[in-house]
Structures are given as structure tokens and as C-alpha cells.
Amino acid sequence: MRTALTPLLGQAASRLLPGSLTSRVFAVYGITLTLFFSVALGLFFAHQYHQEVDTTLMDSVMLIEVVNQAVQDSAVIGDYDSVRKTLDKSVQGSVFATASFIDMQGGKIVVDSRSPAAGRSPDWLQHKLREQLQDVNRVVSVGGKDYGVVRLRFDVPKVAGDLWTLMTVASGVALVMLVLGLAPIRWLLRRWLASLDRLQAFEAAMAAGTFDAAQFTDDRAPAEIGRLVDMLSRTADLVREREASRRALDNQKFALDQHAIVSITDLDGNITYANDRFCQITGYTREELLGRNHRVINSSHQPAEFFDNLWTTISSGQVWRGEICNRKRNGALYWVNATILALLGDDGKPEQYIAIRTDITDRKAAESLLQEAKESAEQANQAKSQFLANMSHEIRTPLNAVLGMLRLLHATPLSARQVDYVGKSEGAARSLLLLLNDILDFSKVEADKMVLDVRAFRVDQLLRELSVILSSNLGDKAVEVLFDIDPEVPGYLMGDDLRLQQVLINLGGNAIKFTEQGEVVIGVRVGERSAEAVTLLFSVRDTGIGIAPEQSARIFSGFSQAEASTTRRFGGTGLGLAICQRLVALMGGRIEVDSEVGRGSDFRFGVKLALARGEPELESAALVAGMTGLRTLVVDDNATARTVLSKMVMAQGWQADVACDVAQAMAMTAQREAGGEAYDVVFIDGQLPAIDEW
């Protein structure tokens, strides 16, 4: 019953409340203040009532004692006139209505009070006072003999009247104070809350987009009203921003739907949204797609691991990007470039997934064809590289024989003219050999056959040899070759010093070739360093002709120079920089260039090299000492090459046997090993037939 009455009482109270906030606040304040005054008055009345009763009773005790004392003397001698006068005097102006003396024979003297009541009091108050104000009696006794009884009867109407008059006056004063207290509150509330009435136009102003906080602000209003207006202002701003954002999102969605293939799924992959382009490319209607799992377009082209990775990525809140092959309703395949991400809820966890795709079917088809062509081109390029390697090898074999013969010819008695002819022939042959070496190195790089020979080497020895080689290229040019070496460069390192020297010779040689006057500076600096390795930063700077910016990228391509006139003016194949770039790449670096036409060039690269343990020259000396009297085998299918190489070997004081093919070499090697005298060194042509059988 109590539970059922609670909502009814609440409804009744809500109906009784005034409509306006001002009236409601005033009503609450008035009720509260009234209750406060009522309680205060009640407490005041209760206090006054008890104080009045206690005072009256105390006065009666004192008065009965005085009256009893005064009556004793008169009662003993039987002077009842004096007794009457005493009683009459005692009750006049007091709280007693009557005073009486009753003798032992039953005679009675009664005196009434002549004091009028202060006012009419309610019966309940008089009844309550009568219960507490009983008659006061005292026995008149002298010398142990009783002469009668003095009785005082309270004037209850007078006491009640006085008390009621006090209560009435107090209530009147409280009412006046209540009214005087509520009046200014009412006035202040109407003044302070008047701004709320002006906010009635807020909704219309906000809907029209013309809301201005200034027009609703009142400096006289309380701070809470000001904060409310500020809040409404911010709300209006948010509404406008959200409306603008909504329009922007609608526009973006429209643009996205016009361009991209969009779908949204729940956490289980069931489709909850599909735009027109998604329906068009799949061949399904929107009604057929909604509610179905996204696997309906799975082509099974990608493995299960592909989709496991996809779902792991997006379920963790990350973005997945990639290309997917899907299947249309008619079974045809199509490719899309997809971006899939999770739409997060308020708890920061995925609650939906959105996929945005673009159709790349035509591009994939074209890529399958720009791929077949690439493979064909790579096969052709590999064949070309193999052809170049074979041709350079075949040409270099007789050329080495020519150089060997010329070197042997130098050891014979020759005239001055013959020495000149032999020197020029040797120079031409060496130039041709350098060209062939470039072609062979390039073909090795192109065929991924270039391998570094890592060994311990001395940095200062490499730089000294580099200085000698570059100085020999100067001729009569007014060019100075300088070396700028960091003193922190370690003395011994591990690496392919010959290939590193080849790169520096090529860069330095080019710098000298393209510089008519000025300087070429070879710089070596220490970069990062650890207990095991160090990074050396090399630079080759010149004051030559320079390179145009648009040509800088071309110079590292094979058979390419900065411009066509360069070949005619300076010569060369254009392979050197391409080979250098690939060699540096094998060492873990990359060549970069800064250049300006007419102001020179600056080539830079860095390589990481391990620190060597021990001193290379001591190891080399020990190696040379152990190479005296070596037993060697020279294997070559070219007779001239065999002759030249064997004679050069014997010139070192070594023994030299010769073989014309792999089978003969294997037989001679086996025979030697059976006799316990195996060959120490075998010189063999790497291009011999059946070389893989060795």
C-alpha cells in the first residue's frame, strides 16, 4: 500500500507545484521558511507553557505558605473577619480565582479574585492547564492543634488567557516577519530569474542558427544563470558544428560512394551496409547482401593465413591495407585495393568494420602483362650479361697472352725503337684489358655473380697505392691531387681492399679526367665506431666541369654518361660509375653526388668495415716466405695462354706443369696426390668446359 501511494503522492505534489521556476523557488523557500517559523513558534510556545505552569506552581507554594502563616493567628482567636481580609488581599491580582478557609466544624470563608481574564482562550488550553494546576491546600495548625484548612484555587481562564495572548502576539509578529522576509525574496527571484524567461526563444534561435549568447545574458542575473547561458551557447556551437560535420560527412559519404566500393559488417563479418558500387561490382542486389556474411564474395584466391592476418589486424583496432581477389555472383573474379578498419564504440573496442575499396582489376591484368614482359626482359638481360661475360673472357684470354708475350719480350735484348713499340703496344693492350675488365665486372654484377673477397688490409697502403695510380693519370694537367685523412682512421681493417680501391680509382680517375685545372681531394672520415667495426666515410671532390642536376641520376646507369659529347671528348664506356655503385652496395653503402655545372662534383659513400686482428703485412710476409718453390699446375685450353702463364710462374722460381682441359688436370692431380706430392696451387680458366666436374 505504501509503495503504491508513493507515485500517487508524487503526482499530486507535482500538480500542486507552480509552473514557473520563479514561483517554484519562491514556493519552496516560503514553505521552508514557514516550517522554520512554525517549528520555532511551537518550541517557543512549549517553552512558555512549561515556564508559565512552573512559575504559577512556584508562586502558589510561596503564597500558600504566606497565607497560612497570616491566617494562623486570626484562626486561633476566632477572628474570622481578619481571616477573610487576609484571604481577600492574598488573591487579588494573583493567578488564583478563589481563596477559602474551612474550619474544623465545616464552616467556610470563600474570597473571589476580582482580576479579569486577559482574553478568551481555547477550551483545550484551559483543559490542559486544569490537569496541571490543582488546588493548593494547607492545614492551619498551632501548638499541635488543627484549626482548619486554607485552600487556593487557580484562576485557569486567567492563566490560559495570558498565555494565549502571548502566543497570539508572538504568532502575529512571526507572520509579519515571514511576510517581510518573503517579499524581498520574491522581488529578488523575479529579478534574478527573469533571464530564464528570455531563454524561451533559445530553441527557435538555435534552430534558425541565429543564437547569440549576448542577447540572453543579463549582468544582474546570478552566476549560475550566466553559466547556464554559457552552457547553452556552447551547446548551440556544438549543434552548429555537428550539423556542419553531418553535412560534411554526408557530402564525403556521397563522394566516397561515387568513387569507392564501401561495405560495413558487424563483428562476425555479416554485411550491414553496402553502397551502390559494391552491389554493381559483385552483381548482388542490396537485399541479397544485407545480413549475409562477407565470405559470399570470397574467391579462395588468397590462403587462409591471409585472412587470419587481416582479422587479427582489424580486431586489434589497427588499419589493414592490401589487395584482395574477390568473386562476383556470376563467378568472375575481380581485384580491389582495400582499406579495412574497425569502427570503435564508446568503450574503445571495435563494434563494426568498414571496408573501402577501389577496383584494380584492369591494373592487375596489365601488371600480369608490364610482369611477363619483365621476366622476358630479365631473361634477355641475363642472356646479354652472360654473352658479355663469355665474350670478354674469350677476348681477354688472347689479350692476356699478348700482354704476357710483350712482358717476356721486354726481357730480351731490344733496340730503342723496339722498346718504344713494345711499350706502346703494351699500353694499348692494357687499355683494352681495362675495358674488358669493366665489361666483365658489369656482367657479373648484372648476373649477381659479384662476390667480395674479404681479408685484412692496411688502410695507409691502400691510400699510397691509390695516390701512385691517380698521380700517373695526371699527365701535364694543372691539377693537384690532395688527401684529407681523418687521424682517427684505424690502421688495419677487414674488407675487400681491391674492390674498395677499384671504386676510389674510378671516382678519382673520373675527377682527374673531367678537371682541367684546380684540385681533386680524396677525403676519408670516421663515422660510427664500435669495438668490432668502424664506418668509413669516403669523398672525392673536384673542381671540374660538373654535372647537370637532370643528369645526376643517369650517370649510375650502365653504358650511360652525363651527355653524348662526354664520350667523344673524354672517352670511356660509362660503365665505371655503374660498377662502383653496385660494388659499394655490396659493401652495404650507396654513392651519392652533389654537383653543379662549371663548379665541380662531390661523390660520397660510406662502408662499414670490421677491425682487423693482427698486422696484415706480417701475415703477408709469412705467406710469401712459405710460397718459395711451390708446385703449380696451369690449366687452359688456349696454348698461348698456357705458355705465357707457365713461363711467368717459373719466373717466380716455382715448378709449373700444364694441362689443356679439365679431364687432363684431374688425372694429373690424382697422380700427384697418389704419389704424396699434391699441387700447392692450380691456375685454371674459370670458363673451361666441364669446370663444374672438378
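**Two sheets and a surface patch**

Val-682 has a relative accessibility of 33% and therefore counts as partly exposed, since that class lies between buried, under 20%, and exposed, over 50%. This residue is a convenient place to enter the structure, which is a predicted model. Val-682 belongs to strand 19, and together with Met-666, Ile-684 and Trp-694 it makes a nonpolar surface patch of about 320 Å².

From Val-682, the path leads to the sheet that contains its strand. Three strands form this open sheet, and reading across it gives the order 18-17-19, with parallel pairing. Strand 18 (655-659) and strand 19 (681-684) are the edge strands, and each of them pairs on one side only. On average, neighbouring strands here are turned by 20° against each other, with direction ignored. What joins strand 17 to strand 18? Strand 17, residues 631-635, is linked to strand 18 by five bridges, and the two run parallel. Within this region, Thr-632 has Ala-656 of strand 18 standing opposite.

Helices accompany this sheet as well. Helix 21, made of residues 639-651, packs on the sheet and touches strand 17, strand 18 and strand 19. The direction of helix 21 makes about 165° with that of strand 18. Helix 22, residues 662-674, lies across strand 17 and strand 18 and runs at about 140° to strand 18.

A general point helps before turning to another sheet. The strands of a sheet pair through backbone hydrogen bonds, and the pairing can be either parallel or antiparallel.

The antiparallel arrangement appears in an open sheet of four strands, whose order is 2-1-4-3. Why is one side of strand 2 and of strand 3 left without a neighbour in the sheet? Strand 2 (108-112) and strand 3 (136-142) stand at the edges, and each has a single partner strand, so one side of each has no neighbour in the sheet. From one strand to the next, the twist averages 15°.

A closer look at one pair fills in the picture. Strand 1, which covers residues 96-103, pairs with strand 2 in the antiparallel sense over five bridges. As an example of the bridging, Ala-99 has Val-111 in strand 2 as its bridge partner. This sheet, too, has a helix to follow: helix 3, residues 80-91, lies across strand 1, strand 2 and strand 4 (145-154). Helix 3 runs at about 30° to strand 2.

Technical notes. Residues numbered from 1 in each chain as written. Predicted model: local features only at pLDDT ≥ 70, side-chain atom pairs only at ≥ 80, totals over all residues. Heavy atoms only, no water. Pairing = 2+ DSSP bridges. Axes fitted to C-alpha atoms, helices over the stretch in contact; angles between N-to-C directions. Contact = heavy atoms within 4.5 Å. Patch = residues over 30% accessible without salt bridge, like charges linked within 9 Å, V, L, I, M, F, W, Y side chains within 5 Å. Areas by Shrake-Rupley, 256 points an atom, 1.4 Å probe, with all protein chains shown as cover. Salt bridge = Lys/Arg side-chain N within 4 Å of Asp/Glu carboxyl O. Buried < 20%, exposed > 50% of the residue type's maximum accessible area, 1.4 Å probe, protein only.
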